[in-house]
Structure formats: structure tokens, C-alpha cells
Amino acid sequence: MKPPPFSYHRGRSPEHAAGLLRELGPRARVLAGGQSLLPMLNLRLAEPAHLVDLGPIPDLGFVRRERDRLVVGATARQSAVEHSADVRALVPLLAEAVEHVAHPPIRHRGTVVGSIAHASAVAELPCAALALDARLTLLSADGVRTVDAEEFFTGPFSTVARSDEIVAQVEFPVAGPGTGQAWSEFSLRRGNFPVAGAAVSLTVADGRIVDVSIAVCGVADRPVRARAAEQVLRGAVADEETVERAAAATTSGLAPRAHGDLAAHILPVSAAPVPGWAYRASVARAQVRRAVTTALTRAGGTR
Ligand SMILES: Cc1cc2nc3c(=O)[nH]c(=O)nc-3n(C[C@H](O)[C@H](O)[C@H](O)COP(=O)(O)OP(=O)(O)OC[C@H]3O[C@@H](n4cnc5c(N)ncnc54)[C@H](O)[C@@H]3O)c2cc1C
């Protein structure tokens, strides 16, 4: 199928792109790697009148350390982040999560920021961004504002970003000493979106978990923090029984929406049957158990 007609605009700078979005109005969309947007156009799931391409903007594909943050620019490719030794050393969860996104040719075109801006409830990078307490910089013709990942996601494919804003960069805190991070997911085939996945970052000191952050995808209409699981682990000496209790608490307070199971509806087109919520919740609990166990080992924890 061919995409509906649209006009194409090359961004010259982030400010120029933001100016175009304002001028062209709400039927204009940002184009980054095109790995989600172009299939959506071809399937007529989106019919923007204008595309504003960030690709031609010079110097927006950076991945760099700024003090205690790793900063990823809007056009940095997923493959660049995947293969960066700095990312692996500074924010290992991001490096591990990005490896699970689709396949190499897609990661070669797709951007980290584009995946977060796209806000799929089953995607790896929004979930990792949430666990990492990432901070997003939104740019519009009015100027710049920053938003924490926790406030950014508002529902399936929806965020607080206005149609005239671009996500110019995303900042991830650098992992400190004693911190272990891990991503775990189950998907029906390697490279598919996960049925459910878990992102964990925890810090161990004197044999106790002093800080922990867990996010899960696939069990709600957006990635969510597993606060009850975090609460079980925070301050605990992590033994097998505690990890088990944390995993069991993962989905407490979560339930399929009254009007249907949104996460199931937005799993990508696949010949395989869409697993139901109860199944995905049990998969999420298993991924939390695995990711916490791995993160503890990496942190030099007590397990
Ligand atoms: C076959 C296939 C399999 C895939 N499997 C997976 C998978 O397993 N896991 C996964 O997470 N993803 C998967 N993807 C999606 C892929 O990761 C995309 O690259 C990603 O979701 C979007 O990034 P992009 O740079 O391509 O953005 P685009 O497709 O260009 O844009 C996506 C959306 O985000 C908006 N957007 C993009 N960048 C910005 C910005 N800087 N500011 C504001 N809005 C912006 C666009 O307007 C659009 O609405 C798959 C894609 C394909 C084609």
C-alpha cells in the first residue's frame, strides 16, 4: 500500500524544524528514522499532511556524556547507541534494551529518541527511559521545556509533547558505583516487540538495596513503574525469597482497562494470536524476577 499524499520539509536546524511545525499546524508530523511512521503511513494508520524531517539537521545525532548524564540527540540511531562503548559503560540498561529492538537494519535507521517519542506501550526504550528516570528536552517555537519520563507517557502512542514540539534530546543518568542494571523480555520471536519486558536499575551498599527502580512494558497502555515491587526491595537484603516477593508484587494495582485490553490491541500486526492480559502479567512478573536477579549480580549484591 502507498502512503497518503503529504508534503515533505527538510529541517535545517532544531529551531527551524520547530518553526515549521508551528507554521504548518497540527497536521504536521516529525519524521526521524521512519521505522514506525512510514509503516503507519503505508497502512493508513496516520495521515499527516506534512512531514518535517529531522534527518538532514547536522549535529543532532550526538551521544555524549555531560557531567553525570548521558545525552542522546534526536537523530542518534539505535545502532549507534547499541555499539557505543560509552553507553555500555555509563548506562548499561540502555545498551541492553536497545539490542532487543527489532533487527539490525531497523536499528540502523530507527532513532532512540524517535522510539521514546512514539511511546508504544510494548516497546523497550520507553520502558528503559522510565526506569532510568530519563529527562526529555522538548523544543518549540516558544522555547525549551524539560519533562521527566514519568510525566511524558500519557497513553498508547501519546505523550505530553504537543504537535508543534520536537523532542530534541533525552538525558539518562549515568550509573553510579554499586549500581547494577538489566533488561529482560519475552517475545514470541527474536526481534518482535515483547509480550512483556522489565527494566531494572538498583544500587547495593553494605549488602542492602539502597535504591531501586523498576519499569515494565506490555501490561498497561503505557510503560509503568512497578512501585510495589520497588517497595519490597528498597532497604532489603536481597535473598531469593525477597526477589520472589518483589516479582509477585510487580502487577499489583494494575488491571486490564474496563474498556478492553489496550496493550493487547497495540501489539504489532502478527500472525501469532495476541496473548491476553493475565498471561502478559505473569510474563512481566517473570521478567522482573530475572532482571532483578541479573542486576543484583552485576551490582555485586548478596544473591
Ligand atoms: C519490522 C519492525 C519491527 C520493529 N520492532 C520493534 C521492537 O521490537 N521494539 C521496538 O521498540 N520498536 C520496534 N520497531 C520500531 C522501531 O524501533 C522504530 O525505529 C521506533 O519506534 C521509532 O523510531 P524512528 O526514529 O524510526 O521514528 P519515526 O518512525 O520517524 O517516528 C515515530 C513517531 O515518533 C515521532 N517522533 C520521532 N522522533 C521525534 C522527535 N524527535 N520529536 C517528536 N516526535 C518524534 C514521529 O512524529 C512519529 O509519530 C520496529 C519497527 C519495524 C518496522
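**Exercise 1.** Find the helix that gives the most to the shell around the ligand.

*Solution.* Helix 7 is the one to pick, with five residues in the shell around the ligand. Bear in mind that you're looking at a predicted model. Now see what else joins in: helix 7 covers 112-118, and strand 2 (28-31) and strand 10 (166-173) also supply at least two shell residues each.

**Exercise 2.** Sort the shell around the ligand by residue class, then pick out the residues that come nearest.

*Solution.* Start with the classes: you should get 15 nonpolar, 12 polar and two charged residues. Next, look for the nearest of the 29 residues around the ligand: they are Val30, Gln35, Leu37, Thr111 and Glu124.

**Exercise 3.** Which polar backbone atoms lie 2.8 Å from an oxygen atom of the ligand? Then work out how much of the ligand the protein covers.

*Solution.* Go residue by residue. Alanine 32 has a polar backbone atom 2.8 Å from a ligand oxygen, and glycine 33 has one at 2.8 Å from a ligand oxygen too. Alanine 102 also offers a polar backbone atom, at 3.1 Å from an oxygen of the ligand. As for cover, the ligand on its own has 970 Å² of accessible area, and the protein covers 87% of that.

**Exercise 4.** Decide how helix 5 and helix 8 run relative to each other.

*Solution.* First, get the geometry: helix 5 (residues 92-99) and helix 8 (residues 124-131) pack at about 165°, with their axes 9 Å apart. Second, apply the cut-off: angles over 145 degrees count as roughly antiparallel. So helix 5 and helix 8 are roughly antiparallel to each other. Last, check the handedness: helix 5 passes helix 8 in a right-handed crossing.

Conventions:
Residues are numbered from 1 along each chain as its sequence is written. This is a predicted model: local features need pLDDT of at least 70, side-chain atom pairs count only at pLDDT 80 or more; totals for chains, interfaces and linings use all residues. Side-chain values use heavy atoms; hydrogens and water are left out. A residue is near a molecule or strand if one of its heavy atoms lies within 4 Å of it. A polar contact is a pair of N or O atoms within 3.5 Å; within protein, one must be able to donate a hydrogen and the other to accept it, and residues adjacent in sequence count only if both atoms are side-chain atoms. Accessible areas come from the Shrake-Rupley method with a 1.4 Å probe; for residues, only the protein chains shown count as cover. Helices (H or I, at least four residues) and strands (E, at least two) are DSSP runs, numbered from the N terminus. Ala, Val, Leu, Ile, Met, Phe, Trp, Tyr, Cys and Pro count as nonpolar, Asp, Glu, Lys and Arg as charged, and the others, Gly among them, as polar. Axes are lines fitted to C-alpha atoms, for helices over the stretch in contact, and angles run from 0 to 180 degrees between N-to-C directions. Angles under 35 degrees count as roughly parallel, over 145 as roughly antiparallel, 65 to 115 as roughly perpendicular and the rest as oblique. A crossing is left-handed if the near helix is turned anticlockwise from the far one by less than a right angle, and right-handed if clockwise.
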